[in-house]
Amino acid sequence: MAIKSAILLAFATSVILVLVTSIDAGGIAIYWGQNSDEGTLAETCATGNYDFVNLAFLPTFGNGQTPMINLAGHCDPYSNGCTNLSSDIKSCQAQGIKVILSLGGGAGSYFLASSDDARQVAAYLWNNFLGGQSASRPFGDAILDGIDFDIEGGTNQHWDDLAKYLSGYSQQGKKVYLTAAPQCPFPDAWVGGALKTGLFDYVWVQFYNNPQCQYTDGDITNLEQAWKQWTTDVPATKIFLGLPASPEAAGSGFIPVSDLTSQVLSAIKGSAKYGGVMLWSRYYDDQTGYSSAIKNDV
């Protein structure tokens, strides 16, 4: 009887450990698309390191412009050359990875002129990348999981409208996930208003190139204070710690693996809104192996 009790106790303990681990476990989001030397999308997903892949970018849209993707040297959208990504996208999704189209980026020609402009852009995204239909889908018949707002220019107007219109399409079938990549100074200058809608599922905050709210040489004070504000004041499902995957990936804000795993993650993982880590970008991660080194601690 004592042996049976011991076995049951051991089993119960292991179940509890698994539950606790899964509650704390976060995921890794990566940006792919801006360097042809970073490997294919299928190879990126096959690493098993990522839960989200943001396709970077759709940098031209809004104000009546014909929307145009830019995936650097990966494919030529002008000759319809990105449709061969369809099978890669599907293989990622078959592994449980969410594949998301990122709007904007640090360089581009984008802004929304009005609420009606936002409605038209949402319709374009739905028909060309999501669950709608179009004769000219840039990625063929693959249906992406959502839209990422990496807005770093233009104006701060009507992003809330775009979020509302995109969210409305979720009622027509497959859920449209909404994500965003604001800068860590709060509130974000571009999408701060849109984030107040409460429609965003995942927000990967850029804790780099912003000394006032990022990690600096053993000091997590600024980062921790900013993290608390983001996780307290933004009505999103999960908040991610956005980081450069190498010192070369950003002007500042890189966190050495040992510092991240020993100091930073322990300070932020207590939040119920902790979702994991976002990395810029697949190219730099491929150089450093950063995601592989942190994966078990995230």
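In which loop does H158 lie? Keep that question in mind while we look around this predicted model; we will come to the loop shortly.

Let us start with the overall picture. According to the UniProt record, which is an unreviewed entry, residues 26–298 carry the annotation "domain: GH18". Within residues 26–298, helix makes up 30% of the chain and strand 20%. If you look for the two ends of this stretch, you will find their C-alpha atoms 5 Å apart.

Now back to the opening question. H158 sits in the loop between β6 (146–151) and α5. Look at its backbone too: phi of H158 is near 70°, which is a positive value in a residue other than glycine. To see why that deserves a second glance, remember that most residues other than glycine have a negative phi.

Follow the chain onward from that loop and you reach helix α5, which spans residues 159–168. Its partner here is helix α4, residues 115–129, and the axes of the two helices come within 8 Å, crossing at roughly 40°. An angle from 35 up to 65 degrees counts as oblique, and α4 and α5 are therefore oblique to each other. The crossing of α4 past α5 is right-handed. Which residues meet there? From α4 come S115, A118, R119, V121, A122 and L125, while α5 brings D161, L162, Y165 and L166. Sorted by character, the residues of this contact are 7 nonpolar, 1 polar and 2 charged.

Next, look for the sulfur atoms. The structure has 3 disulfides, and one of them joins C45 to C92, with sulfur atoms 2.1 Å apart. The torsion about the S-S bond of C45 and C92 is about 95°, so this disulfide is right-handed. C45 belongs to helix α2 (residues 41–46) and C92 to helix α3 (residues 86–94), so the pair ties together parts that are 47 residues apart in sequence.

Finally, zoom in on two peptide bonds. Most peptide bonds are trans, so a cis bond is worth a pause. From F186 to P187 the peptide bond is cis, with omega near -5°, and P187 lies in the loop between β7 (177–180) and α6 (192–195). The bond from W280 to S281 is also cis, with omega near -5°. You can find S281 in the loop that runs between β10 (274–280) and α9 (282–288).

Notes. Residues numbered from 1 in each chain as written. Predicted model: local features only at pLDDT ≥ 70, side-chain atom pairs only at ≥ 80, totals over all residues. Heavy atoms only, no water. Axes fitted to C-alpha atoms, helices over the stretch in contact; angles between N-to-C directions. Helix = DSSP H or I, 4+ residues; strand = E, 2+ residues; numbered from the N terminus. Parallel < 35°, antiparallel > 145°, perpendicular 65-115°, else oblique. Left-handed = near helix turned anticlockwise from the far one by under 90°. Contact = heavy atoms within 4.5 Å. Nonpolar A, V, L, I, M, F, W, Y, C, P; charged D, E, K, R; others polar. UniProt positions renumbered as here; feature names shortened; annotations may be inferred. Disulfide = S-S within 2.5 Å.
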